[in-house]
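Reader: I've got a structure to go through, and I'd like to know what the labels rest on. Can we take it step by step?

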Amino acid sequence: MKATHFGAGNIGRGFIGEILYQNGFSIDFVDINETIIDALKERNSYEIELAAAEKKHIKVEQVTGINNQKDPEAVIASVATSDIVTTAIGPNILPFIAELIAKGIQKRRLEGNDTPLDVIACENMIGGSQFLLNKVREFLNEEDLSYVDDFIGFPNAAVDRIVPMQQHDDPLFVSVEPFCEWLVDDTQSKAKQIRLDNVGYVSDLTPYIERKLFSVNTGHATTAYTGNYYGYTTIGKAIADDKVLNQLKAVLQETGNLLIAKWDFARSQHEQYIQKIIERFKNPYISDDVSRVARTPIRKLGYDERFIRPIREAKERGLAYQSLVNVVAMILQYDDPNDEESVRLQKMLKEKSVADVIYEVTGLSDASIVDEIVEKTGEN
């Protein structure tokens, strides 16, 4: 079996690539990074190290690389002949691969290939695969769309594995945490003939996506922004400070109460889930920079993102959300000259009132929440 995977970065190789290979797939990695793509084409394998005491190494073989800028026709041919298509490129990049996927699907139809295919966006976003489907549809004609309805699934997914920023002499080597979780919405899947080991197929993905987003993503970002506020540059050093750890625990308590109220998770099990997350963040074998986890602060302040959405929904249910507000105030003070969004955010704050910036970047219409955030920033 063959997989086409968009995104040959650390997450693509260190998470999705590993699971696909373990399930017997050869993998065509698609990316614009010439160094990585050339190395994949030359070596056809790479190694993963699990960030734990034993430092176990896993060799991933039967891989190659395709540069989608230099050889788009090869990408189209790969999609047309694949048994599964996956992505790990970041939500903002999905629209840029839609045309290639669409042309691959069209070629698949014209060649009479009626084997069902799933296209799974493994991104940190809610509804990633369906978002990609909407972008792909823009490049399809009526016959193609009918073919997609019959044979091509775009099942949403939830993925979770910490893959820190890292540099190695070997451009393909990647270190990842031992824990990983990949869940797929079975109701949106068309390729029922393929069921991946170590992947969970669920009938309702939304509770698990929100649990991950509001626990792992909110928690990781909380550690980063709180750590930056107190002068730390790595997640490990930040979480060793009780002030950061207590802020993290308080935030996860608030998002946990929301998740339990909304999705009826068992409290004891969710508390174990939270403790597991905290231990993952404390992993001494992962060296993660605050700047990596805190990057793109404007996106992280989005209306449906990891802070504003739980604040909105907690207020609607009469639940506490003050710790989340505290972190939002810290995000507004996050100043990284190497982060384009941070630079833009700080520029906005110099040119407009704090309240106006909050309204603009968060999409909030609730003045009382905005006022609470403004108060926490110390601005009036």
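Reader: At what angle do the axes of helix 7 and helix 14 cross?

Author: Keep in mind that this is a predicted model. The axes of helix 7 (residues 206-229) and helix 14 (residues 322-332) cross at roughly 55° and come within 9 Å.

Reader: What makes that pair oblique?

Author: Roughly parallel needs an angle under 35 degrees, and roughly perpendicular runs from 65 to 115. The crossing is at roughly 55°, so helix 7 and helix 14 count as oblique to each other. The crossing is also left-handed.

Reader: Which residues make the contact?

Author: From helix 7, T218, T222, Y225, T226 and Y229; from helix 14, L324, V327, M330 and I331. Sorted by type, the contact has 6 nonpolar residues, 3 polar and no charged. Tyr counts as nonpolar here.

Reader: On to the cysteines. How do you know that C122 is in no disulfide?

Author: A disulfide needs two cysteine sulfur atoms within 2.5 Å. The closest cysteine sulfur to that of C122 belongs to C180 and is 11 Å away, so the pair is too far apart for a bond. C180 is in no disulfide either, and a search of the whole structure finds 0.

Reader: Why is C122 called buried, and what is C180 called?

Author: Buried means under 20% relative accessible area, and exposed means over 50%. C122 has 4% relative accessibility, so C122 is buried. C180 has 29%, so C180 is partly exposed.

Note on methods:
Residues numbered from 1 in each chain as written. Predicted model: local features only at pLDDT ≥ 70, side-chain atom pairs only at ≥ 80, totals over all residues. Heavy atoms only, no water. Buried < 20%, exposed > 50% of the residue type's maximum accessible area, 1.4 Å probe, protein only. Axes fitted to C-alpha atoms, helices over the stretch in contact; angles between N-to-C directions. Helix = DSSP H or I, 4+ residues; strand = E, 2+ residues; numbered from the N terminus. Parallel < 35°, antiparallel > 145°, perpendicular 65-115°, else oblique. Left-handed = near helix turned anticlockwise from the far one by under 90°. Contact = heavy atoms within 4.5 Å.
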